[in-house]
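Thanks for sharing this one. Here are my notes, set out as numbered points so that you can follow them alongside the structure.

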Amino acid sequence: MVKQEFLTIDGIPVAIEGEKNILELIRKVGIKLPTFCYHSELSIYGACRMCMVETPRGMEAACSTPPKAGMDIRTNTERLRKYRKMILELLLANHCRDCTTCGNNGSCKLQDLAMRFGIDRVRFPNTAAEPKLDESSVSIVRDQNKCILCGDCVRMCNEVQNVGAIDFAHRGAKMTISTAFEVPIAESPCVGCGQCAAVCPTGAIVVKNDTAKVWALLDDPDVKVTAQIAPAVRVGLGKEMGMAPGENAIGKLVAALKHMGFDEVYDTSTGADLTVLEESNELLRRLEEGEHDWPLFTSCCPAWVQFCEKNYPELMGNVSTCKSPMEMFAAVIRENNRTAGRRKAVHVAIMPCTAKKFEAARSEFCSEEGQDVEYVLTTQELIRMVKESGVVFSELVPEAVDMPFAYKTGAGVIFGVTGGVTEAVLRRLASDKSATALKTLAFQGVRGLEGVKETTVPYGERNLRIAIVSGLGNASALIERIRGGEHYDFVEVMACPNGCISGGGQPFAHAEEQAERSEGLYKADQVSRIKRSEENPLMMELYGGLLKGKVHELLHVEYPLAKGVE
């Protein structure tokens, strides 16, 4: 029998059960120790020193100190409170104090901790420089003068995403976080995934705000404004709007958008059904052609597509030619408006993803009339608009999406979580369409929030080898394995860890809430009357009508590098 080891935290005995550091044990007993630079998904940095605790050996950083049996830890002494207030005052002395107009107002960790520790004045002169904005990206905005050098964005960009767009530059008091040679972020390797903004505790990196432009459209009586809502959005905003984390809020979302002035509201899950049909057809064609050196990579995620273009251009010919669900659906809506001869129409996509702003602006998704998606609003921007409108979201009566595109399936809804695209495609390819086979598919390794999942499924006389990755660092590692000789037929890639549920445009969530969002989408699938994309009656109607003779034009895209153009 192994003897259980204990330590004490503020006089409370706590069992050591494999925790990596004291901080994990402190949180386990319900103490919310302040931190800036600690994220369990990232490496230990230990820079902010807010999580200092007292032990018999003196003051130690809880995030970087491993637990040992018999330790006596104090988290809330007079010395520690004084120490933390001093850190906060020094940070605020070198920080922009325009909190009310900051894009992170209300969700800023520095602001939150200043209030928690009662910082009602700063004894030191304000040395903050004038705002230094980098607005070159269509996805994010950077303000170096709001940076507290916690390093969260650097570690996310380099360790998890393997993008390397930003890093520490210079030394001492001149230290900053910068791109290489201080070029604008749009000229760096940045792919617009927004994960840096997701972990930034202040307003140093925020999602680009397009709400004012959309409000102007909604106020124009001569413009018809339509919207589509991505699957992950419905489970990403509930906590911010007075609902349970992960709760499916699609009906209230539709009602809120109608109240704000949108003429028609649709569900991007319908576009996802189109993607399932086209992507599964593309996979089948490749299988009929025989063995390929590389698998078919999914194309739903614009940050992944851009990452591939910048880092693995030779693989672009193996990225699916399918447009993303957002762009497929937008093309269908535009074509429907054109054939109906309707008044000027503008389409807005509400997405969990900052990279969708870049995707919408790409020339490949523009026609003579302009962009198929004129504006992309992230979940964060939508929350801001709902609050500005005065709508009490939790009290709204749910409404249904509009015709003629109201039909959707559970297969389209689960696109918002890692593995959802693969599961939807496998539902289409499966020869056994029974309810039992459908449930069995969920247990074949496609579900779960692991960064890398692999499964093998039978198809005809062969087995399909499939990989599912989320996080671009995991994608890079898988590509190297394929280069080393491993074979796959199909690979799903989502740039954001765990998929769109934790996209850069979503309100930040820790692992527990991400799991609740995932469960929310699977519950929506469970209550869907139609669970396979090919059984959606709207698909049959579209292919026999609006899409007839225009499938490739409206639903597929050719990226320059896929055609060998440098």
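**Notes on strands, helices and charged pairs**

1. I begin with strand β7, residues 140–143, which is joined to β10 by three bridges, the two running antiparallel. Within this pairing, Ile140 has Val207 of β10 opposite it. Please keep in mind throughout that the model is a predicted one.

2. The wider setting of that pair is an open sheet of three strands, in the order β6-β7-β10, and the pairing is antiparallel. At its edges lie β6 (133–134) and β10 (205–207), each of which pairs on one side only.

3. Now to strand β1, residues 6–9, a nice place to look at side-chain direction. In a regular strand, side chains alternate between the two faces of the sheet. Here Leu7 and Ile9 point to one face and are buried, whereas Phe6 and Thr8 point to the other face and are not buried.

4. Which strands does β1 pair with? With β2 (residues 12–15) there are four bridges and the strands run antiparallel; Phe6 has Ala15 of β2 as its bridge partner. With β5 (residues 72–73) there are two bridges and the strands run parallel; there, Ile9 stands opposite Ile73.

5. The link from β1 to β2 also deserves a glance. The two strands form a hairpin with two residues between them, and Asp10 in the turn has a positive phi of about 50°.

6. Helix α4 (residues 152–160) is mostly covered, with seven of its nine residues buried. These are Asp152, Cys153, Val154, Arg155, Met156, Cys157 and Val160. What covers them includes the strands β8 (167–169), β9 (176–178) and β10, together with the helices α5 (195–199) and α16 (472–483). Just after α4 comes Asn162, which takes a positive phi of about 55°.

7. How do helices α8 and α14 pack? Their axes are 9 Å apart, at an angle of about 70°, with α8 spanning residues 268–289 and α14 residues 420–429. Angles of 65 to 115 degrees count as roughly perpendicular, so α8 is roughly perpendicular to α14.

8. As for the residues in that contact, α8 contributes Val276, Leu277, Glu279, Ser280, Asn281, Leu283 and Leu284, and these meet Val421, Ala424, Val425, Arg428 and Leu429 of α14. By class, the contact of α8 with α14 holds eight nonpolar, two polar and two charged residues.

9. Turning to charged pairs, a search of the whole structure finds 35 salt bridges. Side chains of opposite charge can pair when their charged atoms come close. One of these salt bridges joins Glu54 and Arg79, with 3.6 Å between the closest N and O atoms. Glu54 lies in strand β3 (residues 52–55) and Arg79 in helix α2 (residues 78–93), so this pair, 25 residues apart, links distant parts of the chain. Are its two members buried or partly exposed? Glu54 counts as buried because its relative accessibility is 18%, while Arg79, at 48% relative accessible area, is partly exposed.

10. A second pair is Arg362 with Glu309, whose closest N and O atoms are 2.8 Å apart. It too links distant parts of the chain: Arg362 sits in the loop between α11 (355–361) and β15 (366–367), and Glu309 in helix α9 (residues 302–311), 53 residues apart. Both Arg362 and Glu309 are buried.

11. A third salt bridge is formed by Arg481 and Glu486, with the closest N and O atoms 3.0 Å apart. Arg481 is partly exposed, at a relative accessible area of 28%, and Glu486 is partly exposed at 30%. Elsewhere, Asp210, Lys213, Lys357 and Glu381 are linked in a network of salt bridges.

12. My last point concerns Arg517, which is placed in helix α17 (residues 511–526). Its relative accessibility is 1%, and therefore Arg517 counts as buried. What is Arg517 in contact with, leaving aside neighbours within four places in sequence? The answer is Val235, Gly236, Gly246, Ile501, Ser502, Gln506, Pro507, Phe508 and Ala509.

Notes
Residues are numbered from 1 along each chain as its sequence is written. This is a predicted model: local features need pLDDT of at least 70, side-chain atom pairs count only at pLDDT 80 or more; totals for chains, interfaces and linings use all residues. Side-chain values use heavy atoms; hydrogens and water are left out. Two strands pair if DSSP finds at least two bridges between them. Axes are lines fitted to C-alpha atoms, for helices over the stretch in contact, and angles run from 0 to 180 degrees between N-to-C directions. Angles under 35 degrees count as roughly parallel, over 145 as roughly antiparallel, 65 to 115 as roughly perpendicular and the rest as oblique. Contact means heavy atoms within 4.5 Å. Ala, Val, Leu, Ile, Met, Phe, Trp, Tyr, Cys and Pro count as nonpolar, Asp, Glu, Lys and Arg as charged, and the others, Gly among them, as polar. A salt bridge is a side-chain nitrogen of Lys or Arg within 4 Å of a carboxyl oxygen of Asp or Glu. Buried means under 20% relative accessible area, exposed over 50%, partly exposed in between (1.4 Å probe, protein chains only).
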